[in-house]
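This report is written for a reader who has a sequence and a three-dimensional structure at hand. Please look over both before reading on.

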Amino acid sequence: KPHYGRFRPILECEFDLAYSPLLEQRVGRGRIIWCQLDLEDHVQEDPAAERLTRQMLAYASDVPTEPPIERVLLDGDADDAALLRERGIRWERAEGAFRPADLLIVGSGGKRPVEEVVGHAQSGGRVLVLPRGWTARADFGVKRDRRPAAPLVTIPDWPELRGVSLSDLRLRSPFVSWRLSEGCEMAAEGLLGRQQVGLGSILFLQTDTDALDANLQPYLRYSRWRWTRTVSQVLDNLGAANPSRDTAVISGLDKHHPLPLPDILYHPDYRKDFDYGDDPHRYYRW
């Protein structure tokens, strides 16, 4: 499948639901749909293929796209800045007044008064609060506690979560982490939260990839990869990785890449220094 970093999966399949034959890419105010389903050879004889084709064409024609943002603003410290750089996000420091079309990202080292952040959301602005634990300031009326992972059943139909699935969020082994406990609408056993504030909303993430010490516990590597993808997908849904600002659209179609696409799948710890490395293709190829 194409690189997941700039694509939103519509269908998932194969090992650990790590592959997708149908994805979409936001490009400015439009979209590109990448389809690897063999519809041409089956649409005349298979009613399911014909129905899927009609649904896909209707989706491409009628589903509105999110308006592009003007700026990505970061209210955070050096660790928060590193997280955005690793995901190829262009950002500015959250200094001065906010514009309604700005995306404000609040990290654990945020300094702006909570009232200003909430006011930005009330006016229709987009706000994302990055993962944090007990050391972070208690703000937005949201509380967190440490508790073990629990089975995930559903994910809410929030626009910020389009393309995020249970396969991205579930931990593949027992692990205790900081999770939301009260103060907002919660999902995925406290890994996700949301507050509706005026015309906008504040989204809370607790998918802290740094908390998954895969060097000490190698079995957490897959979970760390998928949590990394979750953060990247949410950032893209909020407009942080809008290709209309980056000009890089699809690797191989556009040779001008202001932000180089990394040669990784899910996390910088992807390894190639042993036979087969971390290549998921070695598991199942139907």
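The following paragraphs treat charged pairs, a surface patch, cysteines, and a region of strands and a loop. The model is predicted.

**Salt bridges**

Side chains of opposite charge can pair when their charged atoms come close. In this model there are 13 salt bridges. The table lists three of them, with the separation of the closest N and O atoms.

| Salt bridge | N to O distance |
|---|---|
| R8 and E24 | 3.0 Å |
| E24 and R31 | 2.8 Å |
| E50 and R54 | 3.3 Å |

The bridge between R8 and E24, at 3.0 Å, connects distant parts of the chain: R8 belongs to strand β1 (residues 8-9) and E24 to strand β2 (residues 22-27), with their positions 16 residues apart in the count along the sequence. Both R8 and E24 are buried. E24 also pairs with R31, and R31 is buried as well as E24.

The pair of E50 and R54 belongs to a helix. Why are E50 and R54 separated by about one helical turn? The reason is that they stand four residues apart in helix α1. E50 has a relative accessibility of 33% and is therefore classed as partly exposed, whereas R54, at 58%, is classed as exposed. Elsewhere, salt bridges with shared partners join R8, E24, R31 and R162 into one network.

**A negative patch on the surface**

Which residues form a negative surface patch? The members are D38, E40, D41, E45 and D46. One of them, E45, is located in the loop that runs between β3 (30-35) and α1 (47-62). The relative accessibility of E45 is 62%, so E45 counts as exposed, the cut-off for that class being over 50%.

**Cysteines**

How many disulfides does the structure hold? The number is zero. Two cysteines may be described by their accessibility. C13 has a relative accessible area of 25% and is therefore partly exposed. C35, with a relative accessible area of 28%, is likewise partly exposed.

**Strands β10 and β11 and the loop between them**

Strand β10 covers residues 185-187 and contains M186. The relative accessible area of M186 is 36%, so this residue is partly exposed. M186 and F204 are 18 residues apart in sequence, and their C-alpha atoms lie 9.0 Å apart in space.

Strand β11 comprises residues 192-197 and includes L192. Is L192 buried or exposed? L192 is buried, because its relative accessibility is 0% and the buried class covers values under 20%. The C-alpha atom of L192 is separated by 8.2 Å from that of R179, a residue 13 positions away along the chain.

The loop between β10 and β11 holds A188, and E189 is found there too. Most residues other than glycine have a negative phi, and most peptide bonds are trans. A188, however, has a positive phi, near 50 degrees, and E189 also has a positive phi, near 55 degrees. In accessibility, A188 counts as buried because its value is 9%, while E189, at 37%, counts as partly exposed.

Terms used: Residues are numbered from 1 along each chain as its sequence is written. This is a predicted model: local features need pLDDT of at least 70, side-chain atom pairs count only at pLDDT 80 or more; totals for chains, interfaces and linings use all residues. Side-chain values use heavy atoms; hydrogens and water are left out. A disulfide is a pair of cysteine sulfur atoms within 2.5 Å. Buried means under 20% relative accessible area, exposed over 50%, partly exposed in between (1.4 Å probe, protein chains only). Patches are made of residues with over 30% relative accessible area and no salt bridge: like charges are joined within 9 Å, nonpolar side chains (Val, Leu, Ile, Met, Phe, Trp, Tyr) within 5 Å. Accessible areas come from the Shrake-Rupley method with a 1.4 Å probe; for residues, only the protein chains shown count as cover. A salt bridge is a side-chain nitrogen of Lys or Arg within 4 Å of a carboxyl oxygen of Asp or Glu. Lys and Arg count as positive and Asp and Glu as negative; His and the chain ends are not counted. The place of a charge is taken as NZ of Lys, CZ of Arg, CG of Asp or CD of Glu. Helices (H or I, at least four residues) and strands (E, at least two) are DSSP runs, numbered from the N terminus.
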